[in-house]
Amino acid sequence: NHPRKIKRARWASWMAILSGTSGSTLRVLERHNSTQDNLRALAPAYGVSASRITAEPVLPKPEHIARFANASLFLDTFPYSAHTTCTEALYSGLPVLTRPGQTFASRVAASLLNSLNLSRLLVAFTEQDYVALAIMLGGDV
């Protein structure tokens, strides 16, 4: 997802997820040269090592989709959910965890998961459930 979709509340949730899953990392798409430095600067305030956050460059489509094989879970943004990136992750076999809101932009990933009969497994309806489910799913990392 584009880094501008990362809002403070979701960032706090992601930091809680990293804190609750030893050995896990967070990878985001780097749209600007400062993305990694900016995100890493925020991590220590949440007790998370900055080294667990990586911004990855934009790549041609085949390489972009291939790198999903190195991940175990796609954490969706909120309130603007993934659209194309969610589709690409699911296409590659990567599970997507989302929390839908009330707007179209926040419900796309949940709709895609529902169409694959995965919504009961990967759609959380509260932020607390989103974090708990991510930690449970990331427990084998």
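Author: In what follows, a residue is buried when its relative accessible area is under 20%, exposed when that area is over 50%, and partly exposed in between, with a 1.4 Å probe and protein chains only. The model is a predicted one, in which local features need pLDDT of at least 70 and side-chain atom pairs count only at pLDDT 80 or more, while totals for chains, interfaces and linings use all residues. Residues are numbered from 1 along each chain as its sequence is written, and side-chain values use heavy atoms, leaving out hydrogens and water.

Reader: What percentage of the 141 residues in the chain is buried?
Author: The cut-off for burial is the one just stated, under 20% relative accessible area. Applied to the 141 residues of the chain, it gives a buried share of 45%.

Reader: In what order do the elements of the chain run from the N terminus on?
Author: Helices (H or I, at least four residues) and strands (E, at least two) are taken as DSSP runs and numbered from the N terminus. Counted this way, the chain has 7 helices and 4 strands. From the N terminus on, their order is α-β-α-β-α-β-α-β-α-α-α.

Reader: What radius of gyration does the chain have, set against that of a compact globule?
Author: The radius is taken over C-alpha atoms, and the globule rule is 2.2 Å times the number of residues to the power 0.38. For 141 residues this rule puts a compact globule near 14 Å, and the chain agrees, with a value of 14 Å.

Reader: Which elements are among those that cover the buried residues of α5?
Author: Helix α5 takes in residues 104-115, and its buried residues are Ser106, Val108, Ala109, Ala110 and Leu113. A contact here means heavy atoms within 4.5 Å. What covers these buried residues includes α4 (84-92), β4 (96-97) and α6 (119-122).

Reader: Is leucine 97 buried or exposed?
Author: Leucine 97 is found in strand β4, where the residues it touches, not counting those up to four places away in sequence, include Leu73, Phe74, Tyr130 and Leu133. Its C-alpha atom is separated by 7.6 Å from that of alanine 124, although the two residues are 27 apart along the chain. Because its relative accessibility is 0%, leucine 97 counts as buried.

Reader: Which residues does serine 13 touch, not counting residues up to four places away in sequence?
Author: Serine 13 lies in helix α1 (residues 8-20) and is buried, because its relative accessible area is 7%. Leaving out residues up to four places away in sequence, serine 13 touches Glu127 and Val131.

Key: Expected span 1.5 Å × (residues − 1).
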